[in-house]
Every structure is written in structure tokens, then in C-alpha cells.
Amino acid sequence: MIVVERHEVLVVGAGNAGVSLAAKLLKDGARDVAVVDRRQVHRYRPLLNYVGSGEATTADLERAQHEVLPSAATWVRDDVASVDPGARTVTLGGGRTLGYGTLVLATGLPEDWDAVPGLRAAYDAGWAGSTFVDTSAVRVWPALRDLARGTVVFTIPPEPAPCGATALKPLLMACEHWQRAGVLANLDVRLVTPFDSVLDVPQADERLEPILASYGVQVHHASRVATVDAANRSLTLSTPDGEETLDDVAFAHVVPPYRAPRWVEDAGLGTGPAGLVDVDPETLRHHRHPDVWALGDVANHGTRSSGGALRDQVKVLAHNLAAVHNAGGPAADAELHRYDGYTVMPITTSRQRLLLVEVDREGRSSPSAPFVDLTRPRRSTWLFDRYGLLQVYYRRILRGRV
Ligand SMILES: Cc1cc2nc3c(=O)[nH]c(=O)nc-3n(C[C@H](O)[C@H](O)[C@H](O)COP(=O)(O)OP(=O)(O)OC[C@H]3O[C@@H](n4cnc5c(N)ncnc54)[C@H](O)[C@@H]3O)c2cc1C
């Protein structure tokens, strides 16, 4: 194997995590940072839920990747296909091998289509879809908007998932739309959640349960979609009481399950059933390979993933890489900063109101504005989520100004 190129820091993935970290490292003085990603288009993914609710377009959330990546970073326009942590190399889909001093995995989570037989075909047929799949989000609102009768199914994805709680956004925004259109009573709206309560987060559940009840949504607790049959417009759920089939479904907003890229596990870097990168959840450093780190959705950070969680993860990881670099070797544990698992769950409860739940790894409330109860649905929070954060994301977060 010939290593043609070597970088001090090699970041895999130019999504929210990879770009923010690369920008922060360069801002803090790093000189050789390369980012590997084939994608030409960068997406602010939280806005996909507003696309699927008729409140935004894909043009609102997309930017050219070359405008988003820091100009001082080397952009490697390819995918990583394998890693050899012993040799400190990655091999790209195109066949090249790159060496690294420090490797940061930030690939996000690919969909695990095989886990739900029939789901991919149902997406292709347009009978199923979701805001969580970039190419499907534009088809969600046209499918939901004009429904006037029948059964509609929504799901919350099992963990790990990219901010799975926000799968409630298209459901609750559609419900308010149907209520205003006077058709909600004719619709049989179902929510399938893997949790015993709505989200298994008491601060969110106590707000959400009465709202779901007010819209007449029937909730299937501790359940998952097991198989999907687009030809017969039916889904089979796996529930605590056994299998249950929902027939004659008008539209199925089924978020696919997720898992880490297979090559993470093949390289001996993964852990758990979803093969997430086996990092120390607090320092974000790999348990067995000290040159490997991870952040974002692909990292086993022990909390629910979200873009909001990355603000803290980027700060901690940038500090820790500098600490190790400055120590000229493995830094003493005491010098490393620790991520407390802070994460966010922003949920629209209607088309112009949003509640925000912020918790740490133990599920304790961790409010960013301690004197305002953001778990109460507010129009101001919705305005910030729909319009403000997009600006903050492209102007500050992706520029390493967290
Ligand atoms: C519909 C939806 C709504 C959301 N809403 C919110 C919200 O309201 N609030 C919130 O805080 N968070 C929200 N999130 C979550 C947030 O978007 C993610 O947590 C965040 O994007 C994670 O960043 P990431 O960089 O880890 O992954 P991503 O942003 O998914 O980026 C991963 C990147 O890695 C690249 N990649 C993948 N495999 C490879 C490979 N083999 N080689 C090289 N590159 C690779 C991909 O092309 C991609 O560019 C939402 C997510 C979705 C899907």
C-alpha cells in the first residue's frame, strides 16, 4: 500500500460535526487539517422538518459545500471505505490511501434500510417517506397536505438516530393543519414510538402527552415498524403484545433505523449493536486507539444525538486535541475536558409554536436560558428555530465560532 498523502488531522465527514470542528481547529492555530467527504451540497438538516411541513424549501437549507468548508482546510472529495488504525491510514472509495496523525470520525449515521424489509421499496413507491431522508423530505408535505380521510402513521426512530425526537415535528404540524382544514376528525393518526412513554424524557412527555391527546393521536408505545408492504399499503408493528398490522394506510411517515458505517466495525473501532465509534463518552477519545476520536451522531457519546449537542462536543474535542498535541504525547487525563452529554430536543407543537427540552446525559434538565421555561411551547422559540438558527449555523457554528 502506498501512502500518497498524510495529514496531521484527518476529519471524516463534512456535516455539522466535521465542518464545525475543522473550522475551530484552524481558528485555534492548527495548520494541516483535511476533511474527507464526497458530497457537493451541505444541508442544515433541522430545516428538513419544516420542508416536510410546508414551511421551508430545500433551497433555504442547502449551500454549496465549497462555500461552507473553511478555505484553509484540504477538501478530499471522496468517501472513506476503510481504516487501518494500526497503520494510521484510511483508504478512500477511489482507491487512494491517506495517512494521519489524528483521525476524527464524523460521518453521521447512514440509514439501515435492511433492518425494515420493504421500507426502501415503499419510499421508492412514494407511499412511505420521511423528513429524515434528504431526498424524501420534499415529497412529505404534498403527501400529507391534502389528506382528508384514512389512516396516517408516523414513527419516532429507535436510538441511535439524528435528533429522533424531532420526528414529532411533521406529525404535530400536520395535525394542526388538518384541524384548521376541518378534516382531523376524519383521520386516524397513529404514532409508533420505541419508548414506554412518548420520548422517555419526562420533561418532554408531560408537555407532549396532552397535546397528542388533543389532536386525537393514538400512540403505540414500546413499538417499532417491523415490515412494510407498499403494494398492500400496510405495515406490521412489533409491539409488547406481539405483532400488529395496520392496513389501508394512506401515508406512512416511517423514519428508517440507523447504524454506523460498516467499516467502523470492520476496523475494530465500533461498539454495540449499531456499531457506533467506541469513544469515551466524555473525552470523545477512542477507548483503544488514542489517535482516533469521534463526535456527532456516529460517536457513542451516551446521549441522544443532536446538532445542538455538537456545540459542546466541538469545544471539548478541539480543546482535547490541542491538549494532547501540546503535551507532545498522551495528555494526562486531568488536562482533557469532558462533555456532560448536553443535548436538545426542539419540537413544534403546532405550526407556529415550539417547545425545547435540554438535558444532560443523566436526563437532568440543562437549560441554556435558566430563567425562561423553554419547555413551554412558545412562538418566539419557533421563530428562532425556523429562522434564527439557520443564520447562526452558517455564520457562526460552521465557522468554528461556537
Ligand atoms: C430531519 C432532521 C431534523 C433534525 N432536527 C434537529 C434539530 O431541530 N435540532 C438539532 O439540534 N438537531 C437536529 N437534527 C440532528 C442534526 O442534524 C445532526 O445531529 C447533525 O447533523 C449531526 O452532525 P454530523 O456531522 O454528526 O452528521 P451529518 O450532519 O449527517 O454529516 C455527516 C457527513 O459525513 C459524510 N460521510 C458519511 N459517510 C462518509 C464516509 N464514508 N466518508 C466521508 N464522508 C462521509 C456525509 O456525506 C455527511 O456530509 C436533525 C436531523 C435530521 C435528519
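Modeller: Domain bounds here come from an automatic or database domain assignment, and the model to which they are applied is a predicted one.

Colleague: How many Å separate the centres of domain 1 and domain 2?
Modeller: The protein is divided into domain 1, made of residues 3-110 + 260-342 + 394-399, and domain 2, made of residues 113-258. Taken over C-alpha atoms, the centres of these two domains are separated by 30 Å.

Colleague: Which helix gives the most to the side of domain 1 that touches domain 2?
Modeller: The contact between the domains takes 20 residues from domain 2 and 19 residues from domain 1. On the side of domain 1 that touches domain 2, the residues divide into six nonpolar, nine polar and four charged. The element that gives the most to this side, with three residues, is helix α2 (residues 48-51).

Colleague: Where does the ligand lie with respect to domain 1 and domain 2?
Modeller: There are 34 residues around the ligand, and those that come nearest are Gly13, Gly15, Ala17, Gly108 and Gly296. Because domain 1 and domain 2 both give residues to the shell around the ligand, the ligand lies between them.

Colleague: Which element supplies the largest share of the shell around the ligand?
Modeller: By residue class, the shell divides into 15 nonpolar, 14 polar and five charged residues. At least two residues of the shell are supplied by each of α1 (16-27), α2, α10 (307-327) and β20 (343-350). The largest share, three residues, comes from α1.

Conventions: Residues are numbered from 1 along each chain as its sequence is written. This is a predicted model: local features need pLDDT of at least 70, side-chain atom pairs count only at pLDDT 80 or more; totals for chains, interfaces and linings use all residues. Two residues are in contact if their C-beta atoms, placed from the backbone, lie within 7 Å. Helices (H or I, at least four residues) and strands (E, at least two) are DSSP runs, numbered from the N terminus. Ala, Val, Leu, Ile, Met, Phe, Trp, Tyr, Cys and Pro count as nonpolar, Asp, Glu, Lys and Arg as charged, and the others, Gly among them, as polar. A residue is near a molecule or strand if its C-beta atom, placed from the backbone, lies within 6 Å of it.
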